[in-house]
Amino acid sequence: MKITFADWGNYTIAFGSLFQKLGFEFIFPEKTNPRVIEEGAKLSPELFCFPLKVNIGNYLPAIKRGADTIVMWENIGGSCRMRYYWVIQEKVLREAGFKVKVLNFNSQNLLSKIREIQKSNQISSWQLLGAVRFFFKEINFIEKLEEKAQYFRPREKERGQADQVLNETLKKLTQTTNLKELSELKKESWQKFSEIKIDGNKEVLKVGIIGEIYTVVDGGVNFDLDKKLGTMGLNVHRKLNLTQHLKGGFPPWNEWLLQRKVNSYLKTTVGGHGRQAIEEMLDYSKKGFDGVIHLLPFGCMPEITVRPILQKISQEKELPFLSISLDEQTAEVGMQTRLEAFVDLMKSKQQLTANS
Amino acid sequence: MEKKTIGIPRALFYWKEPFFWPAFFENLGFKILLSPESNREIIEKGVKMADSESCFSIKVLYGHILWLEGKVDFIFIPRLKKNESKLEYCPKFFALPDLFSLIVKTPILSPWIDLGKNSLENTLVKFGKKIGKEKKSVKEAVKSAFLKEKEEKLKIKENYFKKIKSPKRKIIIASHPYNLYDEYVNLRAKKKINDLGGEAIFIDEVPISQPLEDLKNISPKFHWEFGQEMLAQIKNAIKIGISGAIEISAFQCGCDAVLKEFVEKEFKQAKIPFLYLLIDEHTAEAGLQTRLEAFFDTLH
């Protein structure tokens, strides 16, 4: 059984090592790029949401390299279409003539499936725990790295240094197999980051990114939004990431706390990360951010539902707001223009408040 | 004291129980103002006001609610969450009262309907307290509204058995009730089919005889209230010998993007000609006519 998984930004490295440590032969999916998106969109149902199309595009080269099993998470808690991804992906790929199987994991079958894997791959519980622990450490490291890069990009004196450190570290991370190596890599990269010369007095605008988790996290899908904004001189913040998402359900009262924060705008869940988007936007406004960018796949049900509410908050709190829908038709140049205009807007608003 | 007026938009959730809600509020002593049947003006208003990426059905609802604004004392927009079998409504239904409270000034009446937790009667008794109605009168109103609903549904059933005996070519139209029954939205597809010499049958007229038995074998397990039901109805419809099938989807309907894959598969397996129609504010009647005529040419 050769396994592949959807490509999801830098997290793919961590998922790869998790599956390898669980005793599978893991074939890395193709990194998301325009060609991948085009190929995926050709096969997928036209009206389905964008991430499914990208996933299919990621799988195709991996299948050609021998992958016969795809792992997909079935989100039975949420109300959105993500829970049908595995059925539709299996159907689409089979109809296109590929003999692949989709293994669906969900919160109900997770434990029994893991036990099956332990049996078939002869993985002891100790090894399992180790693999999971390493996975979370890696995820945490990747998120911290991205945060560092977000901080250094607008401030560095010589352009491109932060990205160079980030890319080098990520490359080394793919070869890291144990905790000792990981902690050494951590030390090394923090050292490298601290050597970057920065302009400490520079006034940097702060922009928050909210929206649907897949598009927010994956630079391949959102045309490296982090980097684009960073080089324009903005400090990017994004609260939503895999760790945050996994933490959302534990402890159980997190759900209640979240609802309490957004209650005056929305009284119920709408699936996906709809409520989180509102909560994050309110939070960014409280912290005095200069603007918020909302990312979503075209027609994403939860995000479309909350968008009028986000626009309302933007009016009430006088917080510049830009919503960008992504799909296979989105062009990088168009996005660049919109971002530049939005940055100009934030700058002039800041000057206006500084003068008055 | 003068009777207060409740406005009910003739769109989306209205078509799920078109007889129950007006009857219920009338029994409670309210005046009812139903927005008119969809027309160009209403749709244009809705399209302008709604989010450009929301589905066509939501845009239609915006139009109807904007029509009601200023004409009534309350607007009725329930928060539909789950049905009796704990299956969810479309997630876009969840937030409707919140979204409309942003744009209308009229107070919104929105009972929280989660029938997996509370029966409809209990929900409405609670809701009745909020609008100052006694438990007893609410219970009676629910009962007689149920009777009304049953009566009307019986008529549909009789009609269905008449239809399937017809010698004409029977065409199934599969869609959500708010696309099927709103004639402006579906561009009078039913009349067009009947004019072309067919007998249009709406999917929701098809009975599911033993719900449990029929629903058991359906895969995948949909978490939406309409998914499994529609697939079971399609299976039953195929048994009566239909000549063709049409699915109508509102543009940007997220649920239909999933459902279509399985609806199409079902008909294709039975070798029944299948036509998929996407509707939105730009769909033109002449275009539909041509496509339907071409579709009829493919039928045997």
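**Note on the two-chain model**

1. In chain B, strand E1, helix H1 (residues 20-27) and strand E2 together make a β-α-β unit, and this unit is right-handed. The model is a predicted one, and the points below should be read with that in mind.

2. The two strands of that unit are paired directly: E1 of chain B, residues 5-8, and E2 of chain B, residues 31-34, run parallel and are joined by four bridges. To find this pairing in the viewer, one may begin at Thr5(B), whose bridge partner in E2(B) is Lys31(B).

3. Strand E1(B) also pairs with strand E3 of chain B, residues 74-76, and here two bridges join the strands, which again run parallel. Within this pairing, Ile6(B) is the residue that stands opposite Phe74(B) of E3(B). As a general point when following such strands by eye, side chains in a regular strand alternate between the two faces of the sheet.

4. Chain A holds an open sheet of four strands with parallel pairing, and the order across the sheet is E2-E1-E3-E4. Strand E2 (25-26) and strand E4 (101-105) of chain A each have a single partner strand and stand at the edges, so that one side of each is left without a neighbour in the sheet.

5. Inside the order just given, strand E1 of chain A (residues 2-5) is joined to strand E3 of chain A (residues 69-73) by three bridges, the two strands running parallel. A convenient reference pair is Phe5(A) and its bridge partner in E3(A), Val71(A).

6. On the level of domains, chain A is divided into three: domain 1 covers 2-123, domain 2 covers 136-201 and domain 3 covers 203-356. The centres of domain 1 and domain 2 of chain A, taken over C-alpha atoms, are separated by 28 Å. Their contact takes five residues from domain 1 of chain A and seven residues from domain 2 of chain A. On the side of domain 1 of chain A that touches domain 2 of chain A, three residues are nonpolar and two are polar, with no charged residues.

7. Which residues make up the contact between the two chains? From chain B come 19 residues, and these are in contact with 29 residues of chain A. On the chain B side, the elements that give two or more residues are helix H4 (91-94), helix H5 (96-103) and helix H12 (254-269) of chain B, and the largest share, four residues, comes from H12(B). Sorted by class, the side of chain B that touches chain A has eight nonpolar, four polar and seven charged residues.

Technical notes. Residues numbered from 1 in each chain as written. Chains lettered and ligands numbered in written order. Predicted model: local features only at pLDDT ≥ 70, side-chain atom pairs only at ≥ 80, totals over all residues. Pairing = 2+ DSSP bridges. Domains from an automatic or database assignment. Nonpolar A, V, L, I, M, F, W, Y, C, P; charged D, E, K, R; others polar. Right-handed = clockwise from strand over helix to strand, strands pointing away.
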